[in-house]
Amino acid sequence: MSERRVAIVTGASRGIGRAIALRLAQDGRHVVGVARSEGPLSELVSDIEAAGGSATAKTCDMSDFDAVAQLVEGVAEEFGRLDILVNNAGITRDNLLMRMSDDEWDSVIDTNLKAVFVACRAACRPMMRGKFGRVVNIASTSGLVGNSGQANYAAAKAGLTGLTKTIAREVGKKNITANCIAPGFIQTDMTKDLPSSVLDQIRGAISTKDLGNPEDIAACVSYVSSDDAGYLTGQTIAVDGGMTMC
Ligand code: NDP
């Protein structure tokens, strides 16, 4: 059995997920980094080990629900425990509502919402067995206030907040917490193609007047997933430079 707390971080190959994985490894967790791309995951593991941390890479497509359940159950079995689950993997398929195809809707709901349900369901049992659990779901301010062109994405992210509150209510007495973190605009591949005129508009709407960094989200995940955060549950914390304040 692993002596370190074991943390699964999905979407760990780049962006926010990679920063979360590095941060949790710094915090002394054994990090299981999950994504579809093997190369960037191996690099992540090397970087964590070079810094004195401990990590494993697992490839998994989060839209393959059987594979997601097997992944979570397999990690709990391999390491003898599962303490932290960070559901961060996410995609966008933007389009205006009137033009949005069923496929654009389904793919975003599958990866951003149903995969999280499947992973959380599989994680509950080992967390209950270990009498400790921290579920952290990466939502979005789009799910809090909506965003033109993102009916699918906003619905999935809003769905995460309801799912997370329900988990918090169902398993709170087992020392398992569940929270959402809702990033605003963070500099990653997901936002790198926004036109500069749009970026200027976005900066204007942010109190701190700039986009955030993946490390800003990782710092919040670090606290929410810590032993100290046992009385924080069912919350959605917007880390958005004061853009929404809701
Ligand atoms: P990126 O596009 O930079 O990274 C997405 C990550 O998710 C990658 O590691 C990717 O890995 C993984 N991923 C995507 N689809 C799958 C899949 N089917 N199976 C497994 N892994 C998958 O995104 P960000 O880092 O910007 O975003 C991370 C999270 O934060 C997402 O949930 C996003 O919705 C949320 N968010 C981001 C914001 C931003 O401004 N950047 C704002 C609000 C929320 P691979 O391709 O190797 O599978």
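Here are some numbered points on this predicted model, from the ligand outward to the loops.

1. Let's start with the ligand. Its shell holds 30 residues, and the closest of them are Ser 13, Ser 37, Asn 88, Tyr 153 and Thr 188. By residue class, the shell divides into 14 nonpolar, 11 polar and 5 charged residues.

2. Three polar contacts to the ligand deserve a look on your screen. Tyr 153 brings an N or O atom of its side chain to 2.5 Å from a ligand oxygen. Asn 88 uses its backbone instead, with an N or O atom 2.7 Å from an oxygen atom of the ligand. Asp 61 faces a nitrogen atom of the ligand, and a side-chain N or O atom of Asp 61 is 2.9 Å from that nitrogen. Taken alone, the ligand has 890 Å² of accessible area, and the protein covers 96% of that. Two elements give two or more residues to the shell, namely α1 (15–26) and α6 (151–171).

3. Now for the nonpolar core. The largest one has 42 residues, and the members that touch the most others are Ile 8, Val 72 and Leu 82. Both strands and helices feed into this core: β1 (6–10), β2 (30–35), α3, α4 (102–130), α6 and β6 (176–183) each give two or more residues. The biggest share comes from α4, with 11 residues. Helix α6 thus appears in the list for this core and also in the list for the ligand shell.

4. Helix α4 also holds a polar residue that I would point out, Asn 112. Is Asn 112 buried or exposed? Its relative accessibility is 1%, so Asn 112 counts as buried, the limit being under 20%. The side chain of Asn 112 does have a polar partner: one of its polar atoms lies 2.9 Å from the backbone oxygen of Ile 91.

5. On to charge pairs. Side chains of opposite charge can pair when their charged atoms come close. The count for this model comes to 10 salt bridges. One of them joins the side chains of Lys 58 and Glu 78, at 2.7 Å from N to O. Lys 58 belongs to strand β3 (residues 54–59) and Glu 78 to helix α3 (residues 65–79), so this pair ties together parts that are 20 residues apart in sequence. Lys 58 is partly exposed, at 23% relative accessibility, and Glu 78 is partly exposed too, at 48%.

6. Two further salt bridges have their closest N and O atoms 3.8 Å apart. In one, Asp 193 pairs with Lys 192 at 3.8 Å. Asp 193 is exposed, with 64% relative accessibility, and Lys 192 is exposed as well, at 55%. In the other, Asp 200 pairs with Arg 203, again with 3.8 Å between the closest N and O atoms. Asp 200 and Arg 203 share helix α7 (residues 196–205), where they sit 3 residues apart, about one turn of the helix. Arg 203 is partly exposed, at 30% relative accessibility.

7. Which residues are linked in a network of salt bridges? Arg 5, Arg 81, Asp 83 and Asp 227 make up such a network.

8. A quick backbone check picks out two residues. Lys 131 is not a glycine, yet its phi is positive, near 55°. Lys 131 lies in the loop between α4 and β5 (133–138) and is exposed, with a relative accessible area of 62%. Asn 175 also has a positive phi without being a glycine, at about 65°. Asn 175 lies in the loop between α6 and β6 and counts as partly exposed, at 35% relative accessibility.

9. Last, a look at Gly 143, which is found in helix α5 (residues 141–145). Gly 143 has a relative accessible area of 18%, so it counts as buried, the limit being under 20%. What separates Gly 143 and Ala 155 in sequence and in space? Along the chain they are 12 residues apart, while their C-alpha atoms are 6.3 Å apart.

Note on methods. Residues are numbered from 1 along each chain as its sequence is written. This is a predicted model: local features need pLDDT of at least 70, side-chain atom pairs count only at pLDDT 80 or more; totals for chains, interfaces and linings use all residues. Side-chain values use heavy atoms; hydrogens and water are left out. A residue is near a molecule or strand if one of its heavy atoms lies within 4 Å of it. A polar contact is a pair of N or O atoms within 3.5 Å; within protein, one must be able to donate a hydrogen and the other to accept it, and residues adjacent in sequence count only if both atoms are side-chain atoms. Accessible areas come from the Shrake-Rupley method with a 1.4 Å probe; for residues, only the protein chains shown count as cover. Helices (H or I, at least four residues) and strands (E, at least two) are DSSP runs, numbered from the N terminus. Ala, Val, Leu, Ile, Met, Phe, Trp, Tyr, Cys and Pro count as nonpolar, Asp, Glu, Lys and Arg as charged, and the others, Gly among them, as polar. A salt bridge is a side-chain nitrogen of Lys or Arg within 4 Å of a carboxyl oxygen of Asp or Glu. Buried means under 20% relative accessible area, exposed over 50%, partly exposed in between (1.4 Å probe, protein chains only). A nonpolar core is a set of buried Ala, Val, Leu, Ile, Met, Phe, Trp, Tyr and Cys residues joined through side-chain atoms within 4.5 Å.
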